[in-house]
Every structure is written in structure tokens, then in C-alpha cells.
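Grab a pencil and keep the viewer open. Work through each exercise yourself before you read its solution.

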Amino acid sequence: MLDRMRFAPAAVLGLGCLMMLSVQAQQTLELQKPLTELPDPVPGFTHKDFPVPDDQVAVAGMTSYVNRVFLEDSAEVYGLYVGFYDSQRQGKTVHSPKNCLPGAGWEPMASGRRVLSLPGGDVEVNRYLIVNQGNQALVYYWYQGRGRVAANEYKVKWDLLRDAAIRRRTDEALVRIVIPVTPARSLEEADRLAEQSAAGLIPTLFEFLPA
């Protein structure tokens, strides 16, 4: 038994080296369809797409994205952002909204998870309530790609390392829904709209992401 244990550090080191080599040789996979062709997940709204400034794209590092605002009678109802990474490496990885939103002046009020019941089974997404100078907004966000939907950022990182080593792919999308909470739309109504939008979007997005 002791003789076997002598080789354990070498085995762990060897496994780590293999994982690093696999990460370096990862595949770069393309979208099946452009994200700008995503259908609206909730009927009854019009939408308008807005470009992300070039300097922000350079920092975020996404390969492709859609940044969309849904409107009703020309008034903004909610926003949708999907940022896709064909591969992830140092300096080019998905950024958590929990890190980005405070930098934009938004402060967290509450955070948790929400379970959505979909035809293919239950999925979990992050639920985040934020405030900026008295303005409140509800944020749903999740990570989607390589056949998975995930909310837990630690699990996302583990799956990323495992898939980089075993499947040689790290493609992934960050999906974020932001709904202003106003006198005209209560938090309860915002939750219903966010759930409806996420439930309509998740199955459709798999048709756009690499298989």
C-alpha cells in the first residue's frame, strides 16, 4: 500500500499536465445560427438591437453577442444580452454579472436561485435584485453551452476545466435578462416576465449554440 502511495504525486502531476495540454489544444466551434436571429421568447413586444461599444467588447472578449431591448408602445420593458465565447482562455472568459454590474453603479439587494420547469426537465438560474440611485432592477442570468444550463459559478468553472481536458472544447454563452422594477411593474410581475422569457429562451438557444 505504501509503495502505491509513493506514485500518487506523480500520477496527479501527470493528470494535471494532460489537462493543461488538452486546454491548449481546444477546439474553436462556431454558432449554428447568428444570435441576432433569435426569436423573441415572449410574444407581444417589439425589439431593437444595440451594439456594445468596441472597448467593452475588447474587455469582455465575447466572439458574438446580441444586446436587445424589448419595447411596448415605444417604452422599454426589459433587456436581453447573450454573449457567446467560441473558446475560453486567459483573458477571454465569461464574466459574471455579479462582478460587472457593481462596476456600472448597481448594488446588490438580494440574490438567490430560481428553478424553471421546462419540457426537458428543471433548470436553475440565478436571480439577482439590484439598485442604482433608487432605481431597482431584477436580473436573471445563467450559463449555457456544451449541452448544459448552469447557475452555480463554481460548477461552471469545474465543467469548463473538465470539458477542456476531455472534450477539448470550452464554448459557452452568458445569458442575462434585466427587467426594471417600477410603479408600473411590480417585483412579482417582473419575476413572472423573467421566468417566461427564460423558459422560452433556453430551449431555443440550444438551436443556435454549437451542438
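Here are four exercises on this predicted model, each with a worked solution.

**Exercise 1: a trio of rings**

Work out how the rings of Phe45 and Tyr78 are arranged, then do it for Phe70 and Tyr78.

*Solution.* Let's start with what to look up. A pair of aromatic rings is described by the distance of the centres and the angle of the planes.

Step 1. For Phe45 and Tyr78, the centres are 6.0 Å apart and the planes meet at 80°. Planes over 60 degrees apart count as edge-to-face, so this pair is edge-to-face.

Step 2. Now see where these two sit. Phe45 is in the loop between helix H2 and strand S1, while Tyr78 belongs to strand S3. They are 33 residues apart, so the pair links distant parts of the chain.

Step 3. For Phe70 and Tyr78, the centres are 4.5 Å apart with the planes at 15°. The cut-off for stacked is under 30 degrees, so this pair is stacked.

Step 4. Put the pieces together: Phe45, Phe70 and Tyr78 make up one aromatic cluster.

**Exercise 2: buried or exposed?**

Decide whether Phe45, Phe70 and Tyr78 are buried or exposed.

*Solution.* You need one cut-off: buried means under 20% relative accessible area. Phe45 has 16%, so Phe45 is buried. Phe70 comes out at 0%, so Phe70 is buried. Tyr78 is at 0% too, which means Tyr78 is buried.

**Exercise 3: checking a helix**

Check the length of helix H6, residues 187–205, and find out how its buried residues are placed around the axis.

*Solution.* Step 1. H6 has 19 residues, and at 1.5 Å a residue it should span 27 Å. The C-alpha atoms at its ends are 26 Å apart, which agrees.

Step 2. Pick out the buried residues of H6; among them are Ala190, Leu193, Ala194, Leu201 and Leu205.

Step 3. Look down the axis: the buried residues of H6 fall within an arc of 165°, so they line one face of the helix.

Step 4. What does that set pack against? The buried residues of H6 pack against strands including S3, S4, S5 and S8.

**Exercise 4: a glycine and its contacts**

Find out where Gly145 sits and which residues it touches beyond four places away in sequence.

*Solution.* Gly145 is part of strand S6. Its relative accessible area is 5%, so Gly145 is buried. Leaving out residues up to four places away in sequence, Gly145 touches Asp171 and Leu209. Measure along the chain and Ala173 is 28 residues from Gly145, yet their C-alpha atoms are 6.0 Å apart in space.

Note on methods. Residues are numbered from 1 along each chain as its sequence is written. This is a predicted model: local features need pLDDT of at least 70, side-chain atom pairs count only at pLDDT 80 or more; totals for chains, interfaces and linings use all residues. Side-chain values use heavy atoms; hydrogens and water are left out. Rings of Phe, Tyr and Trp (its six-membered ring) pair if their centres lie within 6.5 Å; planes under 30 degrees apart count as stacked, over 60 as edge-to-face and the rest as tilted. Helices (H or I, at least four residues) and strands (E, at least two) are DSSP runs, numbered from the N terminus. Buried means under 20% relative accessible area, exposed over 50%, partly exposed in between (1.4 Å probe, protein chains only). The expected span of a helix is 1.5 Å times one less than its number of residues. The arc is that of the directions from the helix axis to the C-beta atoms. Contact means heavy atoms within 4.5 Å.
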